[in-house]
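Me: Could you walk me through this structure with a few questions and answers? I would like to see how each answer is reached.

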Amino acid sequence: MTDEQESLILDSIDRFIARDVKPVAHDLEAADAYPIEIVEKMKEIGLFGATVAPEYGGLGLGAVTYARIVERVSAAWMSVAGIFNAHLIMAAVVERFGTEEQKQRYLPRFASGELRGAVALTEPDCGTDLQAITTRAVRDGNDYVINGAKMWITNSIYGHIIAVLVKTDPGTDPPHKGMSLLLVEKGDGISVSKLDKLGYRGIDTGSMVFEDCRVPADNLIGGEEGRGLQQILAGMELGRINVAARGVGIAQACLDESLAYAQVRKTFGKPICEHQAIQIKLADMATGVEAARLLVEKAARVYDSGQRADMEAGMAKLFASEVALKNSLEAMRIHGAYGYSTEYNLERYYRDAPLLAIGEGTNELQRIIIARELIKRNPV
Amino acid sequence: MKILVSVKRVIDANVKVRVKADRTGVETANVKMSMNPFDEIAVEEAIRLAEDGKAAEIVVVSAGPEKCSETIRTALAMGADRGIHVTCEDALEPLAVAKILKAIVDRETPDIVIAGKQAIDDDCNQTGQMLAGLLGWPQGTFVSKLEIGDGEVQVTREVDGGLETLALELPCVVTTDLRLNEPRYASLPNIMRAKKKPIDIVTPEELGVDIAPRLTTLKIEEPPKREAGVKLETAAELIDKLANEAGVI
C-alpha cells in the first residue's frame, strides 16, 4: 500500500460518503430503515473486502488505512460503518483461523459482499463475560445441532451468515476450552427479530433464537473444537480498533459542526466562538479528537505488525469512545436547542456515542484488560 | 478509436482558497488537491465511450509537478488505460499546456482529445481552443452531449440562445461542460489495480516545447470583503437612497 493509493482510497470513500451516505442518512436513521442502496454501493466500491487478503478477492488493507475509512464513514453515519465492521470481523476470524477449505469457500464471497454477516457472541444473560454463554452445539453425525439464543446481533436480519460462539462441551474447566465458533448460514431452525435501540439505528440489530438448527460440521472454524473464544478474542482486537475509529469519527463530526456553528451563531453582539467559555470547549474537543486518533493509529500499527494489540486496542477504544461521548455532549451545549432538535445531526451523534462505551467489551472491562496487560508486560 | 484526455491537478473545489502573504499566488501548502472537476467529466466521458465499445484505448496526460502522478492515477483507477506525465515544476500558462498537448498528440495520434472546458483554479478556458488551433483540428467546446458517428462526432453545446449541435470531423478536440455526465468515483479494487497501469514520464524539453511564460503576474489579491447591508424602515427611505446614494433612479 503506497501513500498515493491510500490517498486515492480515502478520496473515493469521501466521495461515496458525500454522494451516497450524507444526503440520505438523516431520513433513514429517523425511520430506522436499513440502508439497502448504500449497501449495494458498498459492494460496488469493494468495502466488504477491505481487510480480506487479495488472494481471496479482497483489498488486503491494513488496520491503519481501515481505521481511517471507518472514522470517515462514522463521521457521516455510524450505522453504515457497523454494516461492514461486523462483517469484516467475521471475515478476519475465518482468514486467521479457518481451514484452507473454509477460506476458499467463503472469503471470496465475503469480499464481494455477496455473503454478508457478523459474529454472534452476546446472549440475553451475558455479554462481556463470554465464558458464561449457554448456547449449545451438539455433534450429530456430520452436523452440529445448535440450541440457544443470541442477542444484539448486528446484520442478523439482512446478513446471510453469522459466526456463532457456542459451547461444544459445557463441562470443561476452564469453560473456554469447550467453546467453538460455527459459521451458520441462515436457514431452518433460526428465528430473528429486530431490536429497537436508542441510537445506532437503521442497522439491523436483532435477537436470534436457534432451535435444533443444523450446521454442517465442516463449518466449525479451524476444524477443531475448543478454540472459539481464543479465535474471537483475536478478532475482537480488530473490532476494538474499529470501535475506537468510530469514536474518533463521531468526536470529529461533533467538533466540525460545533466549529462551524460557533462562528455564525451570535450572542451578546458577537459570534459565540469569541466567548472564552466556547473557546475552551472547542479546544478540549479538538485536543480529544487528535489524541484519540493517535491512539487508534498506534493500536492499528501494532495490529498490522502482527503483535498482540489487546492493550493498545483497549486503550484506543476506551479513550476514543469517552471522547466521542464527551464531544457529543459538549457539541450539544454549544448548539443549544438546535443540538437537541431532531432536525439536525447532533442529537444522533449524542445517541450513537454511548454504544461505543458499551459495545465490543465495556470500557470498564477495557481498563481491566489494560491493567492486566500492563502487569504482564512489566514484571518486577 | 484512441482517446487522449488531459487532466489538471488543482486545489480541491471544497477548499476555501487563501492568498499567500506575499501576494504572489494562492496557498497550496497542506491544501487538498484534486483532479479538475471538468477534467473528471472528460475522463468519465472517455470511459463511457470505451464501455460502449466505441473507444479502444484511453490515454491520460497531465503536465505539472511530481504530485500530478496522483491525478493521473485517479484517472487510471476510474478506468483509463495508461498515463503520460509531463513533468514541470514551474507554473504553466494555457499556451504552454496547449503546446505540450500538441507534442503529445503528435506522438500518440489520438482520434479525439477530450479536455475540461476550463480549470477551476485559473478559469482560463483557453487550452482546448489553443490546442485545436495549433493542430488545425475542428473543436467543439462546452459540450453537454457527445455522440460518435462515422468519421465524425456530433456534439451539443450550451450557448446563450439554447442548444447548438455541431458535427465535427475526426480527429477533433472537445471540451466538456458540467452537464455532460456525472463522473464516477473509483472503486477500491480498481484503485489497487491501477497501480499496475503504466505512466510514462517525459519533460517539456524532451518534447521540444518552449514553455517560457508570456505573462507576468503582478499580484494576487483576495476579493473585497462584502460589507454588511443596512435595514431600512420605510419604502420612502429606500427610494431616497436609490435616487440619491446609488443614483440608479
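Me: What percentage of the 249 residues of chain B count as buried?
Reply: Happy to help, and please keep in mind that this is a predicted model. A residue is called buried when its relative accessible area is under 20%. Applied to the 249 residues of chain B, that cut-off gives a buried share of 43%.

Me: Which share of the accessible surface of chain B belongs to carbon and sulfur atoms?
Reply: Let's start with the total, which is about 13600 Å² for chain B. The part of this surface that belongs to carbon and sulfur atoms is 50%.

Me: How far apart are the centres of the positive and negative side chains in chain B?
Reply: Here the two sets are counted separately: chain B has 31 positive side chains and 42 negative ones. Each set has its own centre, and the distance between the two centres is 5 Å.

Me: Do strands 7 and 8 of chain B run parallel or antiparallel?
Reply: Strand 7 covers residues 139-148 and strand 8 covers residues 152-159, with five bridges joining them. Within this pair, Val143(B) sits opposite Arg157(B). As for direction, the two strands run antiparallel.

Me: Which residue takes a positive phi in the hairpin of strands 7 and 8 of chain B?
Reply: This hairpin has three residues between its strands. The phi in question is near 70°, and the residue that takes it is Gly151(B).

Me: How many bridges join strand 8 to strand 9 of chain B?
Reply: These two strands form a hairpin with two residues between them. Val153(B) stands across from Leu168(B) of strand 9. The strands run antiparallel, and the number of bridges joining them is eight.

Notes:
Residues numbered from 1 in each chain as written. Chains lettered and ligands numbered in written order. Predicted model: local features only at pLDDT ≥ 70, side-chain atom pairs only at ≥ 80, totals over all residues. Heavy atoms only, no water. Buried < 20%, exposed > 50% of the residue type's maximum accessible area, 1.4 Å probe, protein only. Areas by Shrake-Rupley, 256 points an atom, 1.4 Å probe, with all protein chains shown as cover. Lys, Arg positive; Asp, Glu negative; His and termini not counted. Charge placed at Lys NZ, Arg CZ, Asp CG, Glu CD. Pairing = 2+ DSSP bridges. Helix = DSSP H or I, 4+ residues; strand = E, 2+ residues; numbered from the N terminus.
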